Amino acid sequence: MTSLATTDTPLAEVLDPGLAERITTALGHRTVGDLLHTLPRRYRQHGQRYDKRELVDGERVTVIGKVTTAQTRTYQTKQRQTREMLTLTVEDGDTTFRVVFFAGRKIKFMLPVGTLAMFDGTVSRFRRSLDLKHPEFLVLRATTGPGGQLKGSGDLAALARLAAEIDAEGGPSLFDRPLLPVYAAREGVTSWDLLGAVVTALRALVPVVDPLDDTVRSVAGLMDLDDALRKAHLPDTAEEKDQAGYRLRFDEALALQLLLGARRRFVARDPAPASPVRGDGLRAAMESRMPFELTDGQASVLDEISTDLARDEPMNRLLQGEVGSGKTVVALLAMLQVVDAGRQCVMLAPTEVLAVQHHRSLTAMLGDLGEHGRLGAAEQATRVVLLTGSMSTAQRRAALLDIVTGEAGIVVGTHALIQDSVDFFDLGLVVVDEQHRFGVRQRDRLRAKGRAGLVPHLLVMTATPIPRTIAMTVFGDLEVSELQELPGGRRPISTSVVPAREKPRWLQRTWERVREEVEAGHRAYVVCARIDGDDAEKDGGGDKNGGDKGGDDTNGDRPPLAAAVDLHEHLSTGPLAGLRIGLMHGRLPPEEKDATMAAFAAGALDVLVSTTVIEVGVDVPQATVMVVMDAERFGVSQLHQLRGRVGRGGLPGLCLLVTNSRTGGRSIERLNAVAATSDGFVLAQLDLVQRREGDVLGDAQSGALSALRLLSVVDDGEVIEIARRHAEEILGTDPGLHDHPALAERVRRLAGSEESDYLFRY
């Protein structure tokens with residue numbers, strides 16, 4: 001093992017090879033720098049007092065106290081072997097713990113009364129006592145034997161040897177420190193493994209060169225990087241700990257903002273097809289025909305987009321708004337502005353159901369303005385073409401021909417649009433619907449289909465509200481516009497929680513309520529978390545959507561999840577017998593899904609039992625009620641999306657969240673929060689806090705985000721803002737980071753070579 005190391009030194013050259021391998025397997029760390037960027041989960045303060053009332057069963061605690069009593073007794077194991085149990089009373093300040101060793105014959109000689117020791121284990125409550133059963137321990141001050149000799153068990157024994165080395169060298173004692181770091185354990189790696197590894201690495205680490213100059217550090221109030229890496233693990237004061245953690249989080253935020261800023265600049269290097277507003281074009285004709293006025297919010301956002309489209313600098317804009325806030329109308333008018341300039345637009349949707357719905361709704365809104373080449377079409381009409389993966393060869397060939405010749409002014413489709421075989425005549429605008437379903441690379445591949453030397457404008461839309469720090473972090477290469485008001489005619493949606501297990505009569509009333517709505521001439525959705533009995537975790541629902549995989553029930557008695565296929569049969573022959581009930585889920589052939597959706601929209605079906613394939617974009621104005629089965633299985637934002645499918649035609653909407661979770665549990669609390677507000681931004685923040693950003697966003701949003709170790713977009717909004725300002729200043733004078741090689745390397749490590757290429761194309 002080497003005696004000197006840098007942050008790039010492999011762990012195996014500094015640590016015991018076995019420990020290095022276990023850390024790499026458990027945490028993915030390969031270098032000293034990787035290890036030192038894993039911060040302690042908490043710190044055990046010297047003289048810290050535990051509050052009995054705050055300790056909970058199963059919590060990992062570190063106790064430093066004196067043994068005041070020691071008792072032993074023998075017992076028989078199931079194998080009829082005689083064992084000696086050792087029970088100690090340990091006083092840590094004002095708190096007394098009972099420490100139990102089931103094999104204590106040898107241990108009793110190491111921990112006699114009067115010994116000062118450290119114990120690390122899981123606390124449990126037994127009657128009125130706090131128990132630690134068979135914890136790891138380290139003798140800090142023995143009553144007998146050589147003074148200062150450290151003895152211990154398990155991983156603490158190895159740590160004791162390391163501490164003895166430090167003491168022998170005259171360094172500050174490891175266990176007399178005012179703040180002792182405690183790390184999150186992983187399978188095969190304990191907290192004390194990590195502490196020993198970190199201390200060993202820090203002892204070998206040569207002074208680290210700071211990639212930030214003195215000016216930036218001074219303005220941002222940052223600790224020197226070398227000090228931060230050391231003080232983050234072995235601080236002398238709480239202030240040092242906080243300053244060190246802030247510096248390392250700032251570094252991650254800065255690297256991410258440098259990446260996003262470089263992406264913005266790279267896209268802006270090439271000109272865009274300028275598309276100014278025309279007073280006599282398709283957009284003007286469409287605006288004159290619309291049977292409603294745009295809301296103030298729609299008009300304001302459309303003005304921002306129109307201004308961007310008129311420039312020869314590529315637009316990069318995120319349009320986010322509530323379900324039903326009118327984003328599609330804004331997008332259509334923006335597309336018509338580009339079509340008026342003689343160019344094409346494409347709308348990318350995440351599912352075939354949504355793509356077909358968009359194609360149908362855009363065609364309906366345009367009327368004869370979208371019937372170019374047909375009898376009775378308006379003089380300046382364009383054509384709206386659909387392209388999906390399930391189309392027949394003849395349909396696909398016809399669509400591709402319309403796209404490449406420019407006959408199609410607006411193209412709607414799924415991922416099939418990204419394929420190499422799709423060529424555009426002159427692509428001027430890319431609209432991406434439900435941005436969170438697509439990755440950065442996918443939208444960039446579609447933009448690359450513009451004419452040589454021109455970058456199409458980009459408008460990405462989402463109906464899943466994104467808190468400001470998320471938008472700033474993940475979509476930092478986009479300008480953000482928000483639609484927060486609903487168009488005229490939209491009515492509020494009433495939401496109620498139905499605790500089916502505890503109040504089965506409420507579930508019966510749910511189906512009665514659906515029947516009442518149908519008898520009034522309206523339609524209803526019933527949403528399930530799975531397709532059938534063989535599909536327990538597929539097609540929506542489950543913990544992948546941020547819901548509770550096990551709910552609040554840990555005794556295995558929760559009822560099975562409602563499956564769409566089974567519920568369709570049950571409702572058809574039971575509570576909703578006599579009504580026309582359709583079934584839709586992801587395994588059906590595309591033509592069958594389309595036919596079912598069309599029948600429901602046309603009124604040929606009264607009730608649609610479905611999985612979450614109807615989550616976004618589906619627009620049936622006559623649908624007034626939605627029943628979500630096993631609602632605890634869905635995330636907060638997903639429930640908000642789902643209920644936005646009702647109340648779209650000027651009629652009041654009703655959403656009933658059916659759950660088998662028990663009253664008082666976290667699931668019910670979360671569902672009650674959804675029922676209590678219709679503000680999607682409030683719910684998005686709640687979702688973010690509960691699920692954390694990795695689950696909310698998914699890996700598709702940014703490879704860089706998934707690589708963040710310290711930064712939390714939930715808690716570190718201020719750090720992100722400050723880092724973004726400094727990133728802009730640095731990129732303003734050095735867009736390729738040629739003068740900042742250490743920062744460039746930090747970005748490469750954060751983002752990976754493919755994404756960080758944006759930095760190095762200058």
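## Briefing on a predicted protein model

Histidine 726 touches Val216, Val219, Ala220, Phe250 and Leu254 when residues up to four places away in sequence are left out, a contact being heavy atoms within 4.5 Å. This is a predicted model, in which local features need pLDDT of at least 70 and side-chain atom pairs count only at pLDDT 80 or more, while totals for chains, interfaces and linings use all residues. Residues are numbered from 1 along each chain as its sequence is written, and side-chain values use heavy atoms, with hydrogens and water left out. The protein has 25 helices and 22 strands; helices (H or I, at least four residues) and strands (E, at least two) are DSSP runs, numbered from the N terminus.

**Burial and contacts overall**

- Of the 762 residues of the protein, 54% count as buried, where buried means under 20% relative accessible area, exposed means over 50%, and partly exposed lies in between (1.4 Å probe, protein chains only).
- Among the contacts in the protein with a separation of 6 or more, 72% are between residues 24 or more positions apart.

**Confidence of the model**

- The pLDDT, which is the predictor's confidence in each residue from 0 to 100, averages 82 over the protein, and 83% of the residues score at least 70.
- Among the elements of the protein, helix H7 (residues 225-231) has the highest mean pLDDT, at 96, and helix H25 (residues 753-756) has the lowest, at 46.
- Over residues 536-546 the pLDDT stays under 50, and the model gives these residues 38 contacts beyond four places in sequence.
- Residues 758-762 also have a pLDDT below 50, and this stretch has 24 contacts in the model beyond near neighbours in sequence.
- Where pLDDT is low, the predicted coordinates should not be read in detail.

**Aromatic rings**

- The protein has 2 aromatic pairs, counted by a rule in which rings of Phe, Tyr and Trp (its six-membered ring) pair if their centres lie within 6.5 Å, with planes under 30 degrees apart counted as stacked, over 60 as edge-to-face and the rest as tilted.
- One pair is formed by phenylalanine 101 and phenylalanine 137, which count as edge-to-face because their ring planes stand at 80 degrees, with the centres 5.8 Å apart.
- This pair links distant parts of the chain, since phenylalanine 101 lies in strand E4 (residues 95-101) and phenylalanine 137 in strand E7 (residues 136-141), 36 residues apart.
- Phenylalanine 101 is buried at 0% relative accessibility, and phenylalanine 137 is buried at 1%.
- Tyrosine 525 and phenylalanine 600 have ring centres 5.0 Å apart and planes at 55 degrees, so this pair is tilted.
- The tilted pair also links distant parts of the chain, with tyrosine 525 in strand E18 (residues 523-527) and phenylalanine 600 in helix H18 (residues 590-602), 75 residues apart.
- Tyrosine 525 is buried, with a relative accessible area of 0%, and phenylalanine 600 is buried with a value of 0%.
- Arginine 451 lies over the face of phenylalanine 425, at 5.1 Å from the ring centre; a charge sits over a ring if NZ of Lys or CZ of Arg is within 6 Å of the ring centre and within 35 degrees of the ring normal.

**Two helices**

- Histidine 726, named at the start, is placed in helix H23 (residues 717-733), and at 7% relative accessibility this histidine counts as buried.
- Helix H11 (residues 327-340) has 14 residues, which at 1.5 Å a residue should span 20 Å, and this agrees with its end C-alpha atoms being 20 Å apart; the expected span is 1.5 Å times one less than the number of residues.
- Helix H11 is largely enclosed by the rest of the structure, because 13 of its 14 residues are buried.
- After H11 comes glycine 342, whose phi is positive, near 85 degrees.

**Positive phi outside glycine**

- Histidine 134 has a positive phi near 50 degrees although it is a residue other than glycine, and it is found in the loop between strand E6 (129-133) and E7.
- With a relative accessible area of 45%, histidine 134 is partly exposed.
- Leucine 737, which is not a glycine, has a positive phi of about 55 degrees and is found in the loop between H23 and helix H24 (741-751).
- At 2% relative accessibility, leucine 737 counts as buried.

**Cysteines**

- The count of disulfides is 0, a disulfide being a pair of cysteine sulfur atoms within 2.5 Å.
- Cysteine 345 is buried at 0% relative accessibility, and cysteine 528 is buried at 0%.
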